[in-house]
Structures are given as C-alpha cells and as structure tokens.
Amino acid sequence: MDARQAIEALIFEYAERIDRGDFGGIGQLFADGALAGPDGTPIARGAADVARLYERTTRRYEDGTPHTKHVTTNVRVEIDEARGEATARSYFTVLQALPELPLQPIVAGRYEDHFGREDGRWRFRERRMFVDLVGDVSRHLLIALPKP
C-alpha cells in the first residue's frame, strides 16, 4: 500500500469506527495524536483521552452504535515522503436514521488532518474539525453543538 492509500485508509477507518460505536478503536487511531478545534486547541490527546471524549459526547443505542453513517468525500492528500509527514483535507457528512427519525443529514463540515510516519506506518498526529452545517444532532450527540 502506498502512502496515499495508507492515509486515505486511516481517514476512512475513523468513519467506520465511529459508526460501529468503537470509541476505543477511535482512540487507538489517535494514540500518537490529538483531536483539535478549528484554532488548533487540543480537545483530546492520546488513545484514552480520545476514547473518553467520544464516550462522553456520542450517544450509542442498544446495538452499541450511534445509528449514523459518516460519509467522507473530497479527500486531498499532500505527502512529504522525505520528512515522513502528510496533510489531508476532506469533507464529512453525517447521516442518521432511527425508527422515529427518517434518514437525514445531521451535520456536515471539514477535517484538516496531519499525519506522521513512524516505523514505516502512517499515524494521525492531529485532526482539526470544522463544523459548517448543523441539523438535528439531538439523537446523535450528548452535548449541544454551537451553530456555525
């Protein structure tokens, strides 16, 4: 797998893990990194801290999932092989459906990611999240999102 494919796989793995309700697995993706707000201020750093953040903020249902689909598109990756660093920008759209909630988009925005290569493996170093559009996230999040 080349560097671009490995980085894209990490981006898509994040979406799969959150949709499965695997918050510990999300934490592992950030074992050497951090989630940050748009200004770069860290929100959570390292595996345990990131997993706790998702446990505190994301609703899971009886089947252990949040009943969401995180769709990641417009992925653009820039790689500096010599330094073992990369950046990526992408869009996300979160869809949700429940028995009492018809399928609908609930939030959309952008990710700005930084990656590092260590021992031949690419890892998240930082993910900045930008929320651009907010719908009804009341059945997804345990916290309120500020309106953009």
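Good morning. Strands, in the names I shall use, are DSSP runs of at least two residues, numbered from the N terminus, and helices are runs of at least four. The model before you is a predicted one.

I begin with the sheet. Six strands form an open sheet in the order β2-β1-β6-β5-β4-β3, and their pairing is mixed. At its edges stand β2 and β3, the latter covering residues 68-80, and each of these two pairs on one side only. Direction ignored, neighbouring strands are turned against each other by 20° on average.

Let me look at one pair within that sheet. Strands β3 and β4 run antiparallel and are joined by eleven bridges. On this pairing, E78 stands opposite T87 of β4. Helix α1 packs on the sheet, where it touches β3, β4, β5 and β6. The direction of α1 makes about 160° with that of β3. Helix α3 also packs on the sheet, touching β1, β2 and β6. For α3, the angle with the direction of β2 is about 120°.

I now turn to α3 itself. What span should its twelve residues have? At 1.5 Å a residue, the twelve residues of α3, 46-57, should span 16 Å. The C-alpha atoms at the two ends of α3 are 17 Å apart, which agrees with that expectation.

Which residues of α3 are buried? They are G46, A47, V50, A51, L53, Y54 and T57. These residues lie on the same side of α3, because the arc they cover around the axis is only 165°. Their packing partners are α1 (3-20), α2 (23-29), β1 (34-36), β2 (42-45) and β6 (121-134).

Next, the interior. The largest nonpolar core has 29 residues, and those touching the most other members are Y14, I26, F30, Y54, F115 and W122. At least two residues of this core come from each of α1, α2, α3, β4 (85-98), β5 (101-118) and β6. Helix α1 gives the largest share, seven residues.

I26 may serve as an example from this core. Apart from neighbours within four places in sequence, I26 is in contact with Y14, R17, I18, V50 and Y54. Two of these partners, V50 and Y54, appeared earlier among the buried residues of α3.

I close with three polar residues. N74 is in strand β3. Its phi is near 55°, a positive value in a residue other than glycine. Is N74 buried or exposed? N74 counts as partly exposed, because its relative accessibility is 49% and the exposed class requires over 50%.

D119 is found in the loop between β5 and β6. This residue also has a positive phi, about 50°, although it is not a glycine. With a relative accessible area of 76%, D119 is exposed.

The third residue, D132, is in strand β6. Its relative accessibility is 32%, and therefore D132 counts as partly exposed. What does D132 contact beyond its neighbours within four places in sequence? The partners are A108, G109, R110 and P148. A further distance concerns F92, which is 40 residues from D132 along the chain. The C-alpha atoms of D132 and F92 are separated by 9.8 Å.

To summarise, α1 touches β3, β4, β5 and β6 of the sheet, while α3 touches β1, β2 and β6. Both helices, together with α2, β4, β5 and β6, supply residues to the largest nonpolar core. Thank you.

Key. Residues numbered from 1 in each chain as written. Predicted model: local features only at pLDDT ≥ 70, side-chain atom pairs only at ≥ 80, totals over all residues. Heavy atoms only, no water. Expected span 1.5 Å × (residues − 1). Buried < 20%, exposed > 50% of the residue type's maximum accessible area, 1.4 Å probe, protein only. Arc of directions from axis to C-beta. Contact = heavy atoms within 4.5 Å. Core = buried A, V, L, I, M, F, W, Y, C linked by side-chain atoms within 4.5 Å. Pairing = 2+ DSSP bridges. Axes fitted to C-alpha atoms, helices over the stretch in contact; angles between N-to-C directions.
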